[in-house]
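Welcome! Take a moment to turn the model around on your screen, and then let us walk through it together.

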Amino acid sequence: MSTLSSLGNKAGKRVGADARRYWIGLAGRYATLLLMLVIMLGPIVWQFLTSIRGRTENVYDGVLPSQPTLDNYFRVAESFPLLQYVGNTLTVALLAITSNMLFAAMGGYALSRAAWKGRKIVFTVLVATLMFPFESVMISMFLTVREMGLVDTLIGVWLPGAVSVLNIMIMRSAFLSVPKEVEEAAVLDGANEWTRFTRVFLPAAKGALAVVCITSFMGAWDDFLWPLLVLTNSDNYTLQLGLKTLAGATTVSDQRIIAAGAMAALIPMMLLFFALQRFFFKGVGEGAVKT
């Protein structure tokens with residue numbers, strides 16, 4: 001009996017130790033996630049709280065504003081042509097979304113098919129271009145755009161981002177995850193190449209298309225360096241260039257207005273992501289199935 005009792009005590013202690021380790025590990029994981037959440041969202045929350053502070057408040061006086069107001073957002077529109085810059089940026093972003101979804105889908109489909117010579121060479125060259133940063137080709141791109149007569153135009157801003165190699169790779173991975181049996185069944189039904197592309201592969205890659213849409217929009221909406229090089233006329237400025245003039249204007253030194261302008265630039269991206277997040281995570285999963 002004493003032996004059985006000692007064995008039971010040891011088993012109970014072991015179970016108790018395992019339970020403690022489990023709860024300690026779980027608490028550590030949640031603490032790490034909470035810390036990462038604070039690190040990522042902290043600056044955004046601080047910026048939003050700054051943007052709704054009243055004119056008489058000190059920006060660094062406490063965390064929560066004592067006189068919250070949306071007046072700073074109206075003052076942003078009065079300080080510079082906000083709607084015009086938003087319209088220019090939306091034009092470039094919509095062009096980038098359309099061209100990337102079209103060309104990335106076509107390029108990804110071509111690279112996912114194995115029945116043509118030189119596919120591996122093209123794939124290798126495209127992947128190799130990902131190693132070169134934008135700054136290394138920026139001057140040559142500017143000279144090309146200048147020779148085309150597209151300097152100081154929104155087309156010149158859009159053209160270098162008309163299609164991204166990364167988006168082509170995303171679509172390729174999504175198309176590779178489509179079972180071969182589905183394509184073979186379409187061939188037996190008499191579907192040609194274009195019909196298979198539009199009726200079989202594109203509907204199966206809706207999530208990947210959402211990823212391309214979001215990344216293209218973010219790239220065009222957030223771009224600052226390339227529009228800074230190409231655009232000289234303030235009437236063609238994108239929103240990011242407009243925010244630069246807002247932050248550097250001698251008549252505007254109020255951090256509340258600058259924060260409100262930055263939040264105005266962030267809100268459209270957040271709305272697009274929340275609207276397409278279901279397709280976004282589905283597309284990430286599609287790309288991870290097979291490469």
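**A guided walk through the fold**

Let us begin with one residue: Phe-217 is buried, with a relative accessible area of 7%. Buried here means under 20% relative accessible area, exposed means over 50%, and partly exposed is in between (1.4 Å probe, protein chains only). Before going further, please keep in mind that this is a predicted model, in which local features need pLDDT of at least 70 and side-chain atom pairs count only at pLDDT 80 or more, while totals for chains, interfaces and linings use all residues. Residues are numbered from 1 along each chain as its sequence is written, and side-chain values use heavy atoms, with hydrogens and water left out.

Back to Phe-217, which has a partner. The ring centres of Phe-217 and Trp-221 are 5.3 Å apart and the ring planes are at 20°, so this pair is stacked. To read such numbers, you need the rule: rings of Phe, Tyr and Trp (its six-membered ring) pair if their centres lie within 6.5 Å, and planes under 30 degrees apart count as stacked, over 60 as edge-to-face and the rest as tilted. Trp-221 is buried too, with a relative accessible area of 1%. Both residues lie in helix α10 (residues 206–222), four residues apart, which is about one turn of the helix.

How many helices and strands are there in the protein? There are 13 helices and zero strands. Helices (H or I, at least four residues) and strands (E, at least two) are DSSP runs, numbered from the N terminus. Of the 291 residues in the protein, 35% are buried. Contact means heavy atoms within 4.5 Å, and among contacts with a separation of 6 or more, 70% are between residues 24 or more positions apart.

Now for more aromatic rings. The whole structure has nine aromatic pairs. One of them joins Phe-175 and Phe-197: their ring centres are 6.3 Å apart and their planes are at 70°, so the pair is edge-to-face. Phe-175 lies in helix α7 (residues 165–176) and Phe-197 in helix α9 (residues 193–204), so this pair ties together parts that are 22 residues apart in sequence. Phe-175 and Phe-197 are both buried. They also belong to a group, since one aromatic cluster is formed by Tyr-109, Phe-175, Trp-194, Phe-197 and Phe-201.

A ring can also meet a charge. The charged end of Arg-53 sits over the ring of Trp-46, 5.9 Å from its centre. The rule for this is that NZ of Lys or CZ of Arg is within 6 Å of the ring centre and within 35 degrees of the ring normal.

Next, follow the opposite charges. A salt bridge is a side-chain nitrogen of Lys or Arg within 4 Å of a carboxyl oxygen of Asp or Glu, and the structure holds three of them. In one, the side chains of Arg-113 and Glu-183 meet at 2.6 Å, N to O. Arg-113 lies in the loop between α3 (82–112) and α4 (119–129) and Glu-183 in helix α8 (residues 180–188), so the pair ties together parts that are 70 residues apart in sequence. Glu-183 also meets Arg-196 in a salt bridge (3.7 Å, N to O). That pair links distant parts of the chain, with Arg-196 in helix α9 and Glu-183 in helix α8, 13 residues apart. Arg-196 in turn forms a salt bridge with Glu-193, the closest N and O atoms being 2.7 Å apart. Arg-196 and Glu-193 are three residues apart in helix α9, about one helical turn. Is Glu-193 buried or partly exposed? Glu-193 is partly exposed, because its relative accessible area is 40%, whereas Arg-196, at 10%, counts as buried. Put together, Arg-113, Glu-183, Glu-193 and Arg-196 are linked in a network of salt bridges.

Another acidic residue to find is Glu-57, in the loop between α1 and α2 (71–79). Glu-57 is buried, with a relative accessible area of 9%. Leaving out residues up to four places away in sequence, Glu-57 touches Pro-65, Ser-66, Gln-67, Pro-68 and Arg-256. The C-alpha atoms of Glu-57 and Pro-68 are separated by 9.6 Å, and these residues are eleven apart along the chain.

Finally, look at the outside. The protein exposes about 17,400 Å², with carbon and sulfur atoms supplying 68% of it; accessible areas come from the Shrake-Rupley method with a 1.4 Å probe, and for residues, only the protein chains shown count as cover.
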